[in-house]
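This report walks through a single protein chain, beginning with an enclosed space and moving outward to the elements and residues around it. Please keep the sequence and the 3D view open while reading.

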Amino acid sequence: MRTPVFAANWKLNHGPTDARAFLQRFISQTPRQSDRTLLFFPPALSVAAVVDAARDRPDLLVGVQNVHAESHGAFTGENSVAMARDAGARAVLVGHSERRHVFGESDEATGKKVRLAVDAHLVPMLCVGETLEEREADATEAVVLRQLTAGLSSLTDTEVASITLAYEPVWAIGTGRTATPQDASSIHAVLRAALRERIGDKAAHVPICYGGSVNRGNAESLLLSPDVDGLLVGGASLDADGWSAITRSAIGR
Ligand code: PEP
């Protein structure tokens, strides 16, 4: 029912020259796999290079790490959904914890970006996750449900069924501290239940990825956990050999 997703978030790494070399090496080691979706989120300046390097591999999709919450106008330095689509992107990260906590992105802005993305035929990967303080205050469920509701507020039920979600506990991102498969599963189940409440049986179509210090050693145990439909990976996606190995993990379904 859901195709597992392997998403590489390169953050502020790999300019166009590095990105081309990465793709060449990655492709040489990674046969096509029809049972999973492989997604690259390079920096915006490298999107065209990755799209070009992957032109003979339609199984490799490219997305952008962010878009602006308005479609056009006087917003120096920003990128719009239409530009992302024109450059060859097919997906966009929305509400990544670094956007929320480093750049102050609000819940309201995530809702606007998700709306614009769907209108531009980009699949939004909406990221939700609690900080360590929120976790310690037992607020994890409340936080991720608030972020989910805000992110999806302007979508129809059919549109909700077409997005991808990522649960990324902030305390696990780039810290080397990973949620246990049980932790991940239990929050994914909360998210799935909320989706079911909102869109009924169509909730079964929405992949929910886990992200936060995933590596070659823990990828499979996370992927084999109930309701974990894929991985969103930062640091461990920066090396072509390592990322290739992770994308070839057993998915057990
Ligand atoms: C991320 O950037 O979404 C992420 C999960 O990073 P890392 O894998 O490095 O924790």
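In this predicted model, the largest cavity is lined by Gly-95, His-96, Ser-97, Arg-100, Cys-127, Val-128, Gly-129, Glu-168 and Val-170. The structure holds one cavity of 30 Å³ or more, and the space in the largest cavity comes to about 30 Å³. Sorted by class, its lining consists of three nonpolar, four polar and two charged residues. Two elements, α4 (97–101) and β5 (123–128), each contribute at least two residues to that lining.

**The barrel and the helices around β5**

Strand β5 leads from the cavity to the sheet, which is a closed barrel of eight strands in the order β1-β2-β3-β4-β5-β6-β7-β8, with parallel pairing. On average, neighbouring strands of this sheet are turned by 25 degrees against each other, direction ignored. Within the barrel, β5 pairs with strand β6 (residues 164–167) in the parallel sense, and four bridges join the two. One residue pair can be located by name, since the bridge partner of Leu-126 in β6 is Leu-165.

Two helices can be described by their contact with this part of the sheet. Helix α5 (residues 107–119) packs on the sheet and touches both β4 (91–94) and β5, with its direction making about 160 degrees with that of β5. Helix α7 (residues 140–151), in turn, lies across β5 and β6 and runs at about 155 degrees to β5.

**Four residues and their surroundings**

The table sets out location and accessibility for three histidines and one aspartate.

| Residue | Location | Relative accessible area | Class |
|---|---|---|---|
| His-121 | loop between α5 and β5 | 61% | exposed |
| His-188 | helix α9 | 0% | buried |
| His-205 | loop between α9 (181–199) and β7 (208–211) | 41% | partly exposed |
| Asp-227 | loop between α10 (219–223) and β8 (230–233) | 22% | partly exposed |

Which class, buried or exposed, applies to His-188? With a relative accessibility of 0%, His-188 counts as buried, because that class takes in residues under 20%. Leaving aside neighbours within four places in sequence, His-188 is in contact with Tyr-167, Ile-208, Cys-209, Tyr-210, Asp-227 and Val-228.

Asp-227, one of those contacts of His-188, has a positive phi of about 70 degrees although it is not a glycine. Its relative accessible area of 22% makes Asp-227 partly exposed, because the buried class is reserved for values under 20%.

A positive phi, here of about 60 degrees, is also found at His-121, which is likewise not a glycine. His-121 sits in the loop between α5 and β5, and it is classed as exposed because its relative accessible area of 61% is over 50%.

His-205, in the loop between α9 and β7, is partly exposed, because its 41% relative accessible area falls between the limits of 20% and 50%. How far apart are His-205 and Thr-3 in space, C-alpha to C-alpha? The separation is 8.8 Å, although the two residues are 202 residues apart in sequence. Apart from its neighbours within four places in sequence, His-205 is in contact with Met-1, Arg-2 and Ala-161.

Notes:
Residues numbered from 1 in each chain as written. Predicted model: local features only at pLDDT ≥ 70, side-chain atom pairs only at ≥ 80, totals over all residues. Heavy atoms only, no water. 1 Å grid on protein atoms, 1.4 Å probe; cavity = no way out; pocket = protein on both sides within 12 Å on 5 of 7 lines; lining within 4 Å. Points joined across faces, edges and corners; volume = space filled by probe spheres on them. Nonpolar A, V, L, I, M, F, W, Y, C, P; charged D, E, K, R; others polar. Pairing = 2+ DSSP bridges. Axes fitted to C-alpha atoms, helices over the stretch in contact; angles between N-to-C directions. Contact = heavy atoms within 4.5 Å. Buried < 20%, exposed > 50% of the residue type's maximum accessible area, 1.4 Å probe, protein only.
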